[in-house]
Amino acid sequence: TKLFKMDIGPALLIATGATWCGASAISAIASVINSPSQDVVVSIGIIAAGTVIFTFAQPYFAILVGMDERVAGAWIGASIDQTGNVIASAAIISDEATEIAGIVKIILNSGLGLLATAVAFWWQSRQLRIRSEEDGSGRAHDKQ
C-alpha cells in the first residue's frame with residue numbers, strides 16, 4: 001500500500017481478487033470491510049481486465065513451452081480468476097487440462113468463506129487497534 005500510495009481497502013480488494021476468485025472474492029471481502037461501492041467497481045474492473053488477458057495468454061504460453069496438459073490445467077485453475085474464464089482458457093489446451101483446471105478452481109472457490117472469515121477477524125482487530133491508537137494520541141495513524 002505504501003509503494004503505490006493506495007488506501008488499505010482498495011489494495012486489499014485488488015489483492016484478494018487477483019489471488020483468489022476475482023469478482024466473487026472482491027464482493028465477499030468488500031462486504032466484510034464495508035468498502036465504498038466505487039472501490040468495489042474499480043477493483044472488479046482492474047481484475048476483469050487482467051483476467052481477459054490471461055484467459056488467452058496462459059494457455060497459448062503453456063502450449064508454446066510444451067507444458068504438460070495436466071500441469072497447465074492446474075496452473076490455469078490456480079491462477080486465472082473467474083471460473084468460466086478458467087474453463088474457457090483450459091479448453092484451449094485439452095479436455096484433460098479443462099477437467100484439472102476446473103477441479104483446482106473449485107477447491108480454491110470452496111476456501112473463499114474461510115478467507116472472508118480470516119479477513120473479517122484481521123480487519124476487526126485492526127480497526128480496534130486504530131481506534132485505540134486514536135484514543136491514546138488524539139489522532140489517526142491509518143486510513144480506513
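Axes are lines fitted to C-alpha atoms, for helices over the stretch in contact, and angles run from 0 to 180 degrees between N-to-C directions. The exercises below use a predicted model.

**Exercise 1. Describe the packing of H1 against H2, and classify the angle.**

Step 1. Place the elements. Helix H1 covers residues 8-19, and helix H2 covers residues 23-33.

Step 2. Read the geometry. The two axes are 8 Å apart, at an angle of about 150°.

Step 3. Classify. Angles over 145 degrees count as roughly antiparallel. H1 is therefore roughly antiparallel to H2.

Step 4. Give the handedness. The crossing of H1 past H2 is right-handed.

Step 5. List the residues that meet. H1 brings Gly-9, Leu-12, Leu-13, Thr-16 and Gly-17. H2 answers with Ala-25, Ile-26, Ile-29, Ala-30 and Ile-33.

Step 6. Sort them by class. The contact of H1 with H2 holds 7 nonpolar and 3 polar residues, and no charged ones. Gly counts as polar in this scheme.

**Exercise 2. Repeat the analysis for H2 and H3.**

Step 1. Read the geometry. H2 and H3 pack with axes 9 Å apart, and the angle is about 160°.

Step 2. Classify. H2 is therefore roughly antiparallel to H3.

Step 3. Give the handedness. H2 passes H3 in a right-handed crossing.

Step 4. Name the contact residues. On H2 they are Ala-23, Ile-26, Ser-27 and Ala-30. On H3 they are Val-40, Ser-43, Ile-44 and Ile-47.

Step 5. Sort them by class. This contact of H2 with H3 has 6 nonpolar residues, 2 polar and no charged.

Step 6. Look back at H2. Ile-26 and Ala-30 take part in the contact with H1. Ile-26 and Ala-30 also appear in the contact with H3.

**Exercise 3. Work out the surroundings of Thr-55, starting from its helix.**

Step 1. Locate Thr-55. It is part of helix H3, residues 37-64.

Step 2. Judge its exposure. Buried means under 20% relative accessible area. Thr-55 has 3%, so it is buried.

Step 3. Check the side chain. A polar atom of the Thr-55 side chain lies 2.6 Å from the backbone oxygen of Thr-51.

Step 4. Collect the contacts. Beyond its neighbours within four places in sequence, Thr-55 is in contact with Ile-80, Asn-85, Ser-89 and Ile-92.

Step 5. Follow one partner. Ser-89 sits in helix H5, residues 83-91. Ser-89 is buried, because its relative accessible area is 0%.

Step 6. List what Ser-89 touches. Residues up to four places away in sequence are not counted. The partners are Phe-54, Thr-55, Pro-59, Ile-76 and Ile-80.

**Exercise 4. Which loops hold Asn-34 and Gln-82, and what is the sign of phi at Asn-34 and at Gln-82?**

Step 1. Find the loops. Asn-34 lies in the loop between H2 and H3. Gln-82 lies in the loop between helix H4 (69-79) and H5.

Step 2. Read phi. For Asn-34 phi is near 55°, a positive value in a residue other than glycine. For Gln-82 phi is near 75°, again positive in a residue other than glycine.

Step 3. Assign exposure. Exposed means over 50%. Asn-34 has a relative accessible area of 66%, so it is exposed. Gln-82 has 21%, so it is partly exposed.

**Exercise 5. Find the C-alpha separation of Pro-10 and Val-40, then of Gly-113 and Ile-92.**

Step 1. Take the pair Pro-10 and Val-40. They are 30 residues apart along the chain, and their C-alpha atoms are separated by 7.6 Å.

Step 2. Place Pro-10. It lies in helix H1. At 15% relative accessibility, it counts as buried.

Step 3. Take the pair Gly-113 and Ile-92. They are 21 residues apart along the chain, with C-alpha atoms separated by 30 Å.

Step 4. Place Gly-113. It belongs to helix H7, residues 112-137. Its relative accessible area is 44%, so it is partly exposed.

**Exercise 6. Summarise the whole protein: how many helices and strands does it have?**

Step 1. Count the elements. The protein has 7 helices and 0 strands. Along the sequence the pattern is α-α-α-α-α-α-α.

Step 2. Give the extent. Along the principal axes, the C-alpha atoms fill a box of roughly 60 × 25 × 25 Å.

Step 3. State the buried share. Of the 144 residues, 35% count as buried.

Step 4. Characterise the contacts. Consider those between residues at least 6 apart in sequence: 62% join residues at least 24 apart.

Note on methods. Residues are numbered from 1 along each chain as its sequence is written. This is a predicted model: local features need pLDDT of at least 70, side-chain atom pairs count only at pLDDT 80 or more; totals for chains, interfaces and linings use all residues. Side-chain values use heavy atoms; hydrogens and water are left out. Helices (H or I, at least four residues) and strands (E, at least two) are DSSP runs, numbered from the N terminus. Buried means under 20% relative accessible area, exposed over 50%, partly exposed in between (1.4 Å probe, protein chains only). A polar contact is a pair of N or O atoms within 3.5 Å; within protein, one must be able to donate a hydrogen and the other to accept it, and residues adjacent in sequence count only if both atoms are side-chain atoms. Contact means heavy atoms within 4.5 Å. Angles under 35 degrees count as roughly parallel, over 145 as roughly antiparallel, 65 to 115 as roughly perpendicular and the rest as oblique. A crossing is left-handed if the near helix is turned anticlockwise from the far one by less than a right angle, and right-handed if clockwise.
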